[in-house]
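Trainee: I have this complex open and would like to go through it with you. Could we begin with the contacts and then move on to the fold?
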Number of protein chains: 2
Amino acid sequence: MSRLRIAPPPGLLPPLTEACPGHAGRQKVDCGTCQVRHLAVCSALSPEETEEMERAAGQLQLAPNELLVRQGQARIHVYSVTSGTLRTVRLMADGRRQVTGFLLPGDFIGLSGSAVHALDIEAVTASALCRFSQQDMRQLRTRFPHIERKMLERAFGELDANREYVVALARMSPVERLADFLLRLSARHARLGQDTPMLVLPMGRSDIADHLGLTVETVSRSFTKLRQQQLIALHGVQNVELLDRERLGALVHQGEA
Amino acid sequence: MSRLRIAPPPGLLPPLTEACPGHAGRQKVDCGTCQVRHLAVCSALSPEETEEMERAAGQLQLAPNELLVRQGQARIHVYSVTSGTLRTVRLMADGRRQVTGFLLPGDFIGLSGSAVHALDIEAVTASALCRFSQQDMRQLRTRFPHIERKMLERAFGELDANREYVVALARMSPVERLADFLLRLSARHARLGQDTPMLVLPMGRSDIADHLGLTVETVSRSFTKLRQQQLIALHGVQNVELLDRERLGALVHQGEA
DNA sequence: CGCATAGTTGAGTGCTATCAAATTACGTGG
DNA sequence: CCACGTAATTTGATAGCACTCAACTATGCG
């Protein structure tokens with residue numbers, strides 16, 4: 001638990017200040033340094049309270065593919081992603097693999113009631129995180145009800161997102177799933193202030209495949225199909241240009257009566 | 001918002017008193033009457049506070065297939081299921097249907113951050129619910145932090161469950177999904193005090209199919225396969241006897257390293 | 001008792017996984 | 001900066017499994 005004044009993290013600095021609903025009207029703050037500070041400010045804590053939160057936090061750097069936690073480990077820490085991208089992975093004994101989600105800057109790791117981690121969490125790209133002990137977090141939650149409220153909102157948000165994800169997995173074709181994924185990722189980037197039609201995919205095809213319940217080959221073919229339909233353009237393998245969000249959305253939102 | 005002294009609900013009376021972790025060591029309470037009372041007691045509220053909660057609640061009865069809320073409606077109420085079974089349904093324009101979950105006694109409806117309902121909620125069997133306005137609920141949450149904590153725990157629980165569900169949808173064969181579903185439903189019944197090898201399925205095959213991302217035919221064939229392998233026995237269409245939980249579990253938990 | 005609905009079983013097709021190969025991207029060392 | 005080797009991605013051919021369509025059976029209700 002070291003005193004914080006965290007060095008500027010590598011990678012993009014998300015201007016979360018703007019995006020956070022709880023932040024409206026409050027003083028500007030340097031959210032690039034540490035998500036803890038952001039969380040505190042957005043929870044309407046005083047400067048003194050914010051400092052107390054920061055005291056409880058440690059920081060962490062991960063290289064690509066480095067493991068943060070392993071399935072089955074005791075959950076003694078919670079984390080806040082500062083920069084980079086991580087994936088949450090469920091492995092089955094026979095090798096089947098499911099990437100249940102990707103974690104971007106501002107995301108919180110620890111919205112679970114389980115005593116052990118249900119998932120591996122691995123860095124996709126070089127990443128930085130803030131770390132709290134569960135114990136400290138519990139104290140902070142008790143001490144600052146705003147934090148608890150904030151966590152509840154986050155949990156709600158994840159639940160809402162998860163319901164969409166479930167529909168995609170259960171009822172959409174490969175191309176639809178990919179379109180859904182690209183739009184969803186793009187929306188998250190937009191919330192982080194990167195609102196461009198050019199989307200950078202930090203993860204490889206196999207991560208995407210395992211996230212969408214498909215094989216690498218099918219994902220690749222789906223990219224090709226979207227490209228052939230002029231819905232996206234590929235600039236290298238990482239950079240996807242969303243040419244027609246309208247029609248991409250139409251692929252996905254066959255729904256909501 | 002009528003004063004409550006709710007008539008004994010139809011259907012089974014879940015002895016939730018025992019199951020709730022927050023309840024340990026506290027005085028017994030008649031949880032059969034209304035889940036609100038249960039929630040209050042399990043949140044360690046005083047009798048006066050409990051009464052205040054009950055005052056804010058209304059009750060509701062639903063006939064089979066009756067609609068509680070429709071996709072897109074404003075979310076002005078939250079609910080607690082007292083008896084019966086409900087399903088949450090996502091409909092797509094072209095008719096594709098996903099049953100994202102089933103709600104059993106003790107379940108809470110309203111763990112969402114959205115301003116509108118993302119799902120239809122329909123009664124599978126005759127059901128009874130307690131209803132609160134969101135507004136009242138928010139007040140109660142602010143007034144009794146225990147409630148907020150409880151909701152967070154519930155949200156965590158749902159998130160954890162959802163992650164399992166996602167793996168089933170994305171990576172399991174039809175037979176595995178069905179085995180997973182049966183065990184999961186059985187576990188929920190066990191938590192409600194119905195810990196028997198005989199499982200009653202309140203929902204029809206098409207609901208199960210749409211929950212597991214399959215067709216009715218495939219679900220039916222999967223039942224047959226499980227029966228042929230002596231893992232289950234069917235007594236009529238509704239009653240499933242779990243003959244070998246061990247091997248059923250083995251089908252599912254190919255996983256966790 | 002007859003009809004309507006729900007569930008099971010069967011046959012055939014299509015889509016996605018699988019297997020295999022070619023191509024591209026990338027990091028390393030010359 | 002380029003050549004090389006490795007890994008990642010794309011493309012192609014094939015096969016298996018779940019969906020579709022269809023018929024049949026069981027269940028429930030008037």
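Mentor: Let us start with B:Arg221, bearing in mind that this is a predicted model: a polar atom in the side chain of B:Arg221 lies 2.9 Å from a base nitrogen of DNA strand C.

Trainee: And which part of DNA strand C does B:Ser220 approach, with a polar side-chain atom at 2.9 Å?

Mentor: In the case of B:Ser220, the partner is a sugar or linking oxygen of DNA strand C, whereas the side chain of A:Glu217 has an N or O atom 3.0 Å from a base nitrogen of that strand.

Trainee: How many residues surround DNA strand C overall?

Mentor: There are 16, and the closest are A:Pro174, A:Thr218, B:Ser220, B:Arg221 and B:Thr224; by type, the surface near the strand divides into four nonpolar, six polar and six charged residues.

Trainee: Which element supplies the largest share of that surface near DNA strand C?

Mentor: That is α8(B), with five residues, and α8 of chain A and α8 of chain B, each spanning 216-228, both supply at least two.

Trainee: Switching to the fold, what is the strand order in the open sheet of chain B?

Mentor: The four strands run in the order β1-β8-β3-β6 with antiparallel pairing, and the edge strands are β1 (58-62) and β6 (108-109), each of which pairs on one side only.

Trainee: Which helix packs on that sheet?

Mentor: Helix α4 (residues 134-143) of chain B does, touching β3, β6 and β8 of that chain, and its direction makes about 70° with that of β8(B).

Note on methods
Residues are numbered from 1 along each chain as its sequence is written. Chains are lettered from A and ligands numbered from 1 in the order in which they are written. This is a predicted model: local features need pLDDT of at least 70, side-chain atom pairs count only at pLDDT 80 or more; totals for chains, interfaces and linings use all residues. Side-chain values use heavy atoms; hydrogens and water are left out. A residue is near a molecule or strand if one of its heavy atoms lies within 4 Å of it. A polar contact is a pair of N or O atoms within 3.5 Å; within protein, one must be able to donate a hydrogen and the other to accept it, and residues adjacent in sequence count only if both atoms are side-chain atoms. Ala, Val, Leu, Ile, Met, Phe, Trp, Tyr, Cys and Pro count as nonpolar, Asp, Glu, Lys and Arg as charged, and the others, Gly among them, as polar. Two strands pair if DSSP finds at least two bridges between them. Contact means heavy atoms within 4.5 Å. Axes are lines fitted to C-alpha atoms, for helices over the stretch in contact, and angles run from 0 to 180 degrees between N-to-C directions.
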